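Q: Please take a close look at one part of this model, the helix that is described at the start of your answer. Set out what packs around that part, and then follow the contacts outward to the rest of the assembly.

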Amino acid sequence: MAAFKLNGLVVEAEKGDTILDVARFYGFPIPTLCHMEGLSPYGACRLCVVEIGEGPQARLVTSCTYPIQEGLVVRTASERVVKARKMILELLLASCPQSKTIQDLAAAHEVRRQRFKQEYEDCILCGLCTRMCEEQMMAKAIGFRARGERRTIGTPFDLRSEECRLCGGCIYVCPACQLRCTYTQPEKAICGGCANLSPPCVEKEQFHDMMCYMDPCVACEITKEK
Amino acid sequence: MAKVVVASKALKPFDPAQAAKVIESQTRDHGGLISILEEIQLHYGYLPEGALRLVAEKTGRDLVDVYGVATFYRFFSLKPRGEHQISCCLGTACHVRGGALLAEEFQRQLGVKPGENTPDGKFSLETVACLGACALGPIVVGDGHYYSNVNSSRVKAIIQETLEGLKRKDPAADESLFPLTLHCPHCNHGLLDPDTPVDRQPSVRLLLAHQGRQGFLHLSRLYGSHGHSTQVEVPAGEVTDLYCPHCQALLNAPDDCPACGAARVALLLAGGGVFQVCSRRGCLEQTLDLDGRSF
């Protein structure tokens, strides 16, 4: 056991627990996007940042990957943390505004606008799908490719992978790809999942360049044409 | 044992058995994925899809991981590259001294964009972020040779020199070439022939047989030069038999050429060591083993 300060409260926790685990256990909310129980922590989305240390040594770390230590001082909602989180949400909104998950997170943190160039990405590279595929489905059919601005997720050589069993786990966990199953025009996308009576991927010419690992799609059973 | 390998740049078709050999030798030595991929790229000039699948299978890794590493590093290419690589530096220092203009000039003269190959497969053009020689910028690299303070008027000459490849090495001036004194491993006779100089040095005389024809082959004694003259014209790509001119023994080495799979010729080095050269015409594979001595 290690004792440390969490938002001014002295708490005890097992060594090896992450700040996120302990904070949630004590009821301090920390928003996450790329974190999921049952998958290894990844620290990609940076939404779970908290401030540790004091004075000039204080710094922001991702709580989902930071193991607690004796004597640690953690603030989960300091001014600096809230500011950083809002900025991260603005950046996420700039790249993938059509995601219901990101929209909800932004609303919850009172982010009402974003000041960056608007893009409509299919993927925010959170790595949930690759971890789902590897750790829960034991398949490892998809993974990261290339790096930097050319980084994408997909199967090797963009071919249908022999390891893929079409389980749909990757789509289930994806926070960004509701778009292609919900709405055809990204600028107007306000989720619309509730009104989704027929999936618009039937209109294939609008979707052939979108990333979907399911061939045929488990939802609509339409085979993607290359 | 020190080992110097001068590998051939020529593109070879993907051959699973050969690739498996490469993977095995690398797995035995260090087992790192990157060194395996490096070795494969050295042999084929790029990473063929079949080779990546084989690497995943042989090393027990997942194809996704192997593919991820192969696409992560700019050094690796999944597409066949041209015979000669020209890299144009666009790092900050080179950029302010006109690197971008140079890159444009190369694009214009070669007719391809960065990352593409010329239609004849001779060249591939690349731009790189920094080569670590900023004081000499703008830098252009042609097949590993650094050209410093390049300006647009030199572009044509650089392309020409790169095309001519290893032959551009001037044996008289290039200090990276050094002479070898070689003996037959069977009869221990010296093989140097002062009467037929190659590269202005006594040549290494061997007896060559190809499809019933025989004659002398004179190799340059300069390691890395590849200069030679022969009495029997052998078409490029053909494998020849090479014999000692004194004892007529076949000079084949126990192991085959790692680059093309043809038999290799082994010759003894004065002072200890073995020099091996591929018996295929056009294959530039040479190996120097200096036993128990650092190179």
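A: In this predicted model, the buried residues of helix α2 of chain A pack against β3, β4, β5 (residues 73–75) and α3 (residues 100–108) of chain A. The helix itself covers residues 79–95, 17 residues in total. From its first C-alpha to its last it reaches 25 Å, close to the 24 Å expected at 1.5 Å a residue. Its buried residues are Val81(A), Ala84(A), Arg85(A), Ile88(A), Leu89(A), Glu90(A), Leu92(A), Leu93(A), Ala94(A) and Ser95(A). The list includes the charged residue types Arg85(A) and Glu90(A).

The strands come next. β3(A) spans residues 49–52 and β4(A) residues 59–62, and the two pair in the antiparallel sense over 4 bridges. Within this pairing, Val50(A) has Val61(A) as its bridge partner, and Val49(A) has Thr62(A). The two strands form a hairpin with 6 residues between them. In the turn, Gly53(A) has a positive phi of about 80°. β3(A) also pairs with β5(A), again in the antiparallel sense, over 2 bridges. There the bridge partner of Ile52(A) is Val74(A).

In a regular strand the side chains alternate between the two faces of the sheet. For β3(A), both faces are covered. Val49(A) and Glu51(A) are buried on one side, and Val50(A) and Ile52(A) are buried on the other.

The loop between β5 and α2 of chain A holds Thr76(A). Thr76(A) has a relative accessible area of 2% and is therefore buried, the cut-off being under 20%. Leaving out residues up to four places away in sequence, Thr76(A) touches Leu6(A), Asn7(A), Ala23(A), Phe28(A), Ile30(A), Val50(A), Val81(A) and Arg85(A). Among these contacts, Val50(A) belongs to β3(A), while Val81(A) and Arg85(A) are buried residues of α2(A).

Another buried position in chain A is Ala13(A), at 6% relative accessibility. Ala13(A) lies in strand β2, residues 9–13. Its C-alpha atom is separated by 5.4 Å from that of Met1(A), 12 residues apart along the chain. With the same exclusion of residues up to four places away, Ala13(A) touches Met1(A), Ala2(A), Phe4(A), Val22(A) and Ile68(A).

Further along chain A, Arg145(A) and Asp158(A) form a salt bridge, with the closest N and O atoms 3.0 Å apart. Arg145(A) lies in strand β6 (residues 143–145) and Asp158(A) in the loop between β7 and α5, so the pair ties together parts that are 13 residues apart in sequence. The two ends of the bridge are placed as follows: Arg145(A) is buried, with a relative accessible area of 10%, whereas Asp158(A) is partly exposed at 47%.

The next step outward is the contact with chain B. Chain A and chain B bury about 1,200 Å² between them, and 64% of that is on carbon and sulfur atoms. Lys140(A), Arg147(A) and Phe157(A) supply 52% of the area that chain A buries against chain B, more than any other three residues. Each chain contributes 13 residues to the contact. Between the chains there are 2 salt bridges and 3 residue pairs in polar contact. One salt bridge joins the side chains of Lys140(A) and Asp62(B), at 3.5 Å from N to O.

Chain B has 295 residues, of which 45% are buried. Its secondary structure comes to 7 helices and 16 strands. Two salt bridges within chain B can be described. Glu83(B) and Lys122(B) form one, with the closest N and O atoms 3.8 Å apart. Glu83(B) is in the loop between α4 and β2 and Lys122(B) in the loop between α6 and β3 of chain B, so the pair ties together parts that are 39 residues apart in sequence. Glu83(B) is partly exposed at 29% relative accessibility, and Lys122(B) is partly exposed at 31%.

The side chains of Glu105(B) and Arg108(B) meet in another salt bridge, at 3.0 Å from N to O. These residues are separated by about one helical turn, because they are 3 residues apart in helix α6 of chain B. Glu105(B) is buried at 16%, and Arg108(B) is exposed at 59%. Elsewhere, salt bridges that share partners join Glu134(A), Lys140(A), Asp62(B) and Asp65(B) into one network.

Definitions and conventions: Residues numbered from 1 in each chain as written. Chains lettered and ligands numbered in written order. Predicted model: local features only at pLDDT ≥ 70, side-chain atom pairs only at ≥ 80, totals over all residues. Heavy atoms only, no water. Pairing = 2+ DSSP bridges. Expected span 1.5 Å × (residues − 1). Buried < 20%, exposed > 50% of the residue type's maximum accessible area, 1.4 Å probe, protein only. Contact = heavy atoms within 4.5 Å. Buried area = accessible area lost by both parts, 1.4 Å probe. Salt bridge = Lys/Arg side-chain N within 4 Å of Asp/Glu carboxyl O. Polar contact = N/O pair within 3.5 Å; in protein donor to acceptor, adjacent residues only side chain to side chain.
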